[in-house]
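Me: I should like to learn how to read the surroundings of a ligand. May we work through an example together?

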Amino acid sequence: EADVEARGEPGLLGRMFGRRSAAPRRILDDEMLEQLEELLIASDMGVETALRVTANMAEGRFGKRLSSDEIKRLLSQEIARIMEPVARPMPLYAKRPQVVLVVGVNGSGKTTTIGKLASQFRAAGKSVVIAAGDTFRAAAVEQLQVWGDRAGVPVMTAPQGSDPASLAFDAMSRAEADGADLLMIDTAGRLQNRADLMEELAKIVRVIRKKDPSAPHNTLLVLDATTGQNALNQVETFQKLADVSGLVMTKLDGTARGGVLVALADRFALPIHAIGVGEQIDDLAPFEPEEFAAALTG
Ligand code: GDP
């Protein structure tokens, strides 16, 4: 919260009530509920979720006089209640290698997130192999190698334009031979041609299942918080393209649109494994519902 204020961006209610709780007590009436709804909608929570949050918050309190701190606390509780069931770290299995397929549109932060996760797994004593499965984008492959170096993890690459599935197969063999704990596979994020992308992802899954029918063990969808409500469309799209098992929300630092996480939790109930809070290797945090709700409403 202190952080948010330091950047000169008060949370939602900070904007409504001013910065300090010197604000007088106000009656919880229709006007106030409408104001609160507007603030929540402006944070990209979506109309439906915003209405439910304010309705739940007002239940049994309509017409009462509340201080801005009380309103913040109540609102924050409602939001945390929605978020708690989805706040779950990525599950780790005994299976070796545990195969983690990483999907998402270009620019969402896939490469960065793979690097950050690899670094965290390494710090936890796990051995990791990364496969640079977006074989069409030379820059993406290079960038992933940079992140692999930072994390101290080998990155398997293939010639530009070659079949990502065959790279995934080779990476599986390498990870098995090395006895690696985790294999993280980056994938292309070209949504311009969905049929192609769907086939590409399906083929990757087919070949890795030849080696391990239970793979991939996780399919992470990486979403960019600054795209706001667009993130909802991306979940829908990628759920059709792949068997998404969990989300990572990037770029939550410096956005006032974090409300989209509440809309996501409300609508899809997919686990939120982690959040990206910066461009550095350590800027990946577990998702903490209460902290998030307090910062959003603060
Ligand atoms: P990809 O195309 O999906 O692989 O996306 P990249 O990993 O290359 O990330 C795209 C841009 O977003 C890069 O400039 C990253 O530094 C930036 N980025 C990724 N995650 C975060 C985050 O959590 N916070 C911030 N501020 N920037 C991020």
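Me: Which helix gives the largest share of the shell around the ligand?
Reply: Helices (H or I, at least four residues) and strands (E, at least two) are DSSP runs, numbered from the N terminus. Here helix H6 (residues 110-123) gives the largest share of the shell, four residues. Please note that this is a predicted model, in which local features need pLDDT of at least 70 and side-chain atom pairs count only at pLDDT 80 or more, while totals for chains, interfaces and linings use all residues. Residues are numbered from 1 along each chain as its sequence is written, and side-chain values use heavy atoms, with hydrogens and water left out.

Me: Which residues come nearest to the ligand?
Reply: A residue is near a molecule if one of its heavy atoms lies within 4 Å of it. There are 17 residues around the ligand, and Gly107, Thr111, Thr112, Asp253 and Glu279 come nearest.

Me: How do the residues of this shell divide by class?
Reply: Ala, Val, Leu, Ile, Met, Phe, Trp, Tyr, Cys and Pro count as nonpolar, Asp, Glu, Lys and Arg as charged, and the others, Gly among them, as polar. The shell has two nonpolar, nine polar and six charged residues.

Me: What polar contacts does the ligand make with the backbone?
Reply: A polar contact is a pair of N or O atoms within 3.5 Å. A backbone N or O atom of Ser108 lies 3.3 Å from an oxygen atom of the ligand. Gly276 has a polar backbone atom 3.3 Å from an oxygen atom of the ligand, and Gly278 has one 3.3 Å from a nitrogen atom of the ligand. The protein buries 78% of the 580 Å² that the ligand exposes when taken alone; such areas come from the Shrake-Rupley method with a 1.4 Å probe.

Me: Which pocket does the ligand take up?
Reply: On a 1 Å grid over the protein atoms alone, a pocket is an open set of points where a 1.4 Å probe fits, with protein on both sides within 12 Å along at least five of seven lines; lining residues have an atom within 4 Å of a point. A molecule sits in a pocket if more than half of its atoms lie within 2 Å of its grid points. The ligand takes the space of the second largest pocket. About 350 Å³ of space lies in this pocket, and among its 21 lining residues Gly109, Thr112, Lys251, Gly278 and Glu279 are closest to its centre. H6 supplies the largest share of the lining, five residues.

Me: What is notable about phi of Lys251?
Reply: Phi of Lys251 is near 60 degrees, a positive value in a residue other than glycine. Lys251 is in the loop between strand E8 (246-250) and helix H11 (260-268).

Methods. Polar contact = N/O pair within 3.5 Å; in protein donor to acceptor, adjacent residues only side chain to side chain. Points joined across faces, edges and corners; volume = space filled by probe spheres on them.
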